[in-house]
Amino acid sequence: MIRDSQHGFTKSKSCLTNLVAFYDGVTTSVDNGRAMDVIYLDFCKTFDTVPHNILLSKLERYGFDGWAVQWMRNWLEGRSQRVVFNGLMSRWTPVTSGVTQGSILGPVLFNIFINNFTRLSAPSASLPMTPKLSGMADTPEGQDAIQRDLDELEKRACANLMRFHKAMRKVLHLGWTNACYQHRLRDEGIEETSPAEKDLWVLVDEKLGMSQQCALAAQKANCILGCITSSVASRSREGILPLYSALVRPHHSVLMGSCIQLGSPQHRKDMELLEWVQRRVTKMVRGLEHLSYEERLRELGLFSLEKRRLQGAFQYLKGAYRTDGENLFSEACCDRTRSNGFKLREGRFGLDIRTKFFTIRLMKHWNRLPREIVEDPSPETYKVRLDKGSE
């Protein structure tokens, strides 16, 4: 999942598994006493600077037939624009770059465009993934390797008429022995040392802690709930639950059932902070105010956020990401009759940055599950048994 050596460009099938695999490798190296640098970059005017001629030539090289390439050419070319200010208009100017934002084809074409020169993970469907690279930074050889990768990345970007945003160049120094080496991009130093950096949906800090992330998620969710409370008169379950499901729970990845697992909370106080959001929602439903939280959940057919996070996490071992999970986990040899038959190997780690990481925390939950849940081949019945077994 992570390219070996000091380069650290990520390669994965999805943003979810990509993010987990990338930081799984980073935390492993830091726990082994190595110093790591993670450098975050961002393209300037991402969708607006894609040259049409280069994009069309890449489509031809990738094997698109002549009809498809011509269709794309007709869709991209022949556009013009002008500026109107205070009644004054500029001349019409032909548009020779950019893919249409807000369209389905825009992100797809951008993925194709950067595929052969960034060597980074494929962007998500709606938002290009933040270009980043990592490497060992505790030796001169490792620092030189990172610098060579930066130079190569800048060279490829320039060849495709792309530029990196100067203000968005950040570096995250990890590890006790990190010398905070100053890397350079285009003869300019990357001086912005970031205490925390947002990588897709997740706020990543030097300890990979999720407290800041959980606080922001709870704050945004509570703001939306406040708007619902002040603007919606109905307190029926038919009115509150759809609004909660559509506006609050998916608003931030930490609160989603199938959340970005890297962003799931690590400490009890963070879990309770997020759980309070759902407590508040269930109390809004008329007729359930006198019931306990657990009873309200049963009446509404909901589960606690912690249980929903576990359901999403177990996809790595039983569901949609099982193939990728095989690269993140290893089976332990266990012939005990009371075992669930599929124990995961739990290692020993010296730092919290590793022991509290998602993949390590998931092992403890998985190894406690009974055999009938682990060996269930059907994802649907597996989830039902998981819900009943954890009650």
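Let us start at strand β1, which covers residues 36-40 and is joined to β6 by five bridges, the two strands running antiparallel. To find one of these connections in the predicted model, look at M36: its bridge partner in β6 is M136.

From here you can widen the view to the whole sheet. It is open and has three strands in the order β6-β1-β7, with antiparallel pairing. On the edges lie β6 (132-136) and β7 (170-174), each of which pairs on one side only. As you step from one strand to the next, the twist averages 15°. A helix accompanies this sheet: α5, made of residues 140-159, packs on it and touches β1 and β6. The direction of α5 makes about 160° with that of β6.

Now follow the chain to a pair of helices. Two packed helices are described by the angle between their axes and the distance between the axes. Here the pair is α7 (residues 237-248) and α8 (residues 268-284), whose axes come within 10 Å and cross at roughly 155°. Angles over 145 degrees count as roughly antiparallel, and α7 and α8 are therefore roughly antiparallel to each other. The crossing of α7 past α8 is right-handed.

Which residues in α7 and α8 meet? On the α7 side they are I240, Y244 and V248, and on the α8 side V277, Q278, V281 and M284. Sorted by character, the residues of this contact comprise six nonpolar, one polar and no charged.

Definitions and conventions
Residues numbered from 1 in each chain as written. Predicted model: local features only at pLDDT ≥ 70, side-chain atom pairs only at ≥ 80, totals over all residues. Heavy atoms only, no water. Axes fitted to C-alpha atoms, helices over the stretch in contact; angles between N-to-C directions. Helix = DSSP H or I, 4+ residues; strand = E, 2+ residues; numbered from the N terminus. Parallel < 35°, antiparallel > 145°, perpendicular 65-115°, else oblique. Left-handed = near helix turned anticlockwise from the far one by under 90°. Contact = heavy atoms within 4.5 Å. Nonpolar A, V, L, I, M, F, W, Y, C, P; charged D, E, K, R; others polar. Pairing = 2+ DSSP bridges.
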